[in-house]
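Trainee: Got a minute to go through a model with me? I'd like to look at the ligand site and then the sheet.
Mentor: Happy to, pull it up.
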Amino acid sequence: MASGTLAVGGLSVSYGKAVQALREVSLEVPEGTVTAVLGANGAGKSTLLRAVSGTLPFHRGSIEAGEITLGGRRLSGLRPDAVVAAGVVQVPEGRRVFGRLTVEENLRAGALGARDRSGAAAARERVMELFPVLAERARQRAGLLSGGEQQMLAMGRALMARPKVLLLDEPTLGLAPLMAERIGETVAEINRQGTAVLLIEQNAALALRLASTAHVLEVGRVTLSGPADALAASDEVRRRYLGVGDDDALEPRFQRPPTLERWAG
Ligand SMILES: Nc1ncnc2c1ncn2[C@@H]1O[C@H](COP(=O)(O)OP(=O)(O)OP(=O)(O)O)[C@@H](O)[C@H]1O
């Protein structure tokens, strides 16, 4: 397996005895690609990212079965800092920048997770090129930035650890359409520069445009997987996630469950 491929195999996760959030989920983020996960609220998308980043215990969740590997090396069971050092870094939902620290200090904090310090200057340069506004605001408190700028900072902070795989949890949530587009363009650029991305995104149209492969999660199970363009063309995805051709599309979780289909590839 390529050294940067993230693989999730047969993953089951629960929160206590009552909530089984993921059931035998298997998917891959091949080295250097963008893979998207779609799903209604509560489908288990954030749980998947928490499992990969090692942060489940902070939410009282645990892995019951399955494993997560990067390039064949086991990540499941590692502490979050070890997962970051191995090359997988999460940008959490809701940005969560350190509001009282400056932009610069937030970025420095991100660099602490890197495997070694030698590439810190190059990483900072890359972040400032991707997000020029962060250079302009370097001395400002992060809490004073707009929502879109905070998302940029959260992504920049994650990139300071020089990840092989970036985990993005709803990066455009709550942003104006123009800002959401900019974030989308930046995700594409980050990927062009060689970083793989596991993208969770409520804007399914944007996610399917950015990703090469996509998966649909429903009540903790992967119910649909395939090339992103094939999913974007499927009636099921168009109706349930792209809001095309069905008045009920705004309430995806109340619709009938999808049939299990898979495309080759
Ligand atoms: N800390 C927790 N304790 C108990 N149950 C939880 C916890 N976190 C999530 N859950 C439950 O696990 C299931 C999956 O939640 P998860 O947040 O992963 O879904 P999601 O697809 O990310 O949804 P959303 O988009 O609303 O965040 C849901 O039933 C949710 O209520």
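Trainee: How many residues surround the ligand, and which are the closest?
Mentor: Keep in mind that this is a predicted model. The ligand is surrounded by 13 residues, and the closest are Tyr15, Asn41, Lys45, Ser46 and Thr47.
Trainee: Which element gives the most to that shell?
Mentor: Helix 1 does, with three residues. That helix spans 45–53, and strand 2 also supplies at least two residues of the shell.
Trainee: And what is the make-up of the shell by class?
Mentor: Seven residues are polar, four are nonpolar and two are charged.
Trainee: On to the sheet. What is the strand order, and is the sheet open or closed?
Mentor: The sheet is open, with four strands in the order 2-1-4-5 and antiparallel pairing. Its edge strands are strand 2 and strand 5 (73–74), each of which pairs on one side only.
Trainee: Over how many bridges do strand 1 and strand 2 pair?
Mentor: Seven, in the antiparallel sense, between residues 6–15 of strand 1 and residues 19–29 of strand 2. Following the pairing along, Leu11 has Val25 in strand 2 as its bridge partner, and Ser14 stands opposite Gln20.
Trainee: What about the turn in that hairpin, how many residues sit between the two strands?
Mentor: Three residues, and Gly16 in the turn has a positive phi of about 65°.
Trainee: Back to the helix, then. Which strands does helix 1 lie across?
Mentor: Helix 1 lies across strand 1, strand 2 and strand 4 (61–70), and runs at about 65° to strand 4.

Methods:
Residues are numbered from 1 along each chain as its sequence is written. This is a predicted model: local features need pLDDT of at least 70, side-chain atom pairs count only at pLDDT 80 or more; totals for chains, interfaces and linings use all residues. Two strands pair if DSSP finds at least two bridges between them. A residue is near a molecule or strand if its C-beta atom, placed from the backbone, lies within 6 Å of it. Ala, Val, Leu, Ile, Met, Phe, Trp, Tyr, Cys and Pro count as nonpolar, Asp, Glu, Lys and Arg as charged, and the others, Gly among them, as polar. Two residues are in contact if their C-beta atoms, placed from the backbone, lie within 7 Å. Axes are lines fitted to C-alpha atoms, for helices over the stretch in contact, and angles run from 0 to 180 degrees between N-to-C directions.
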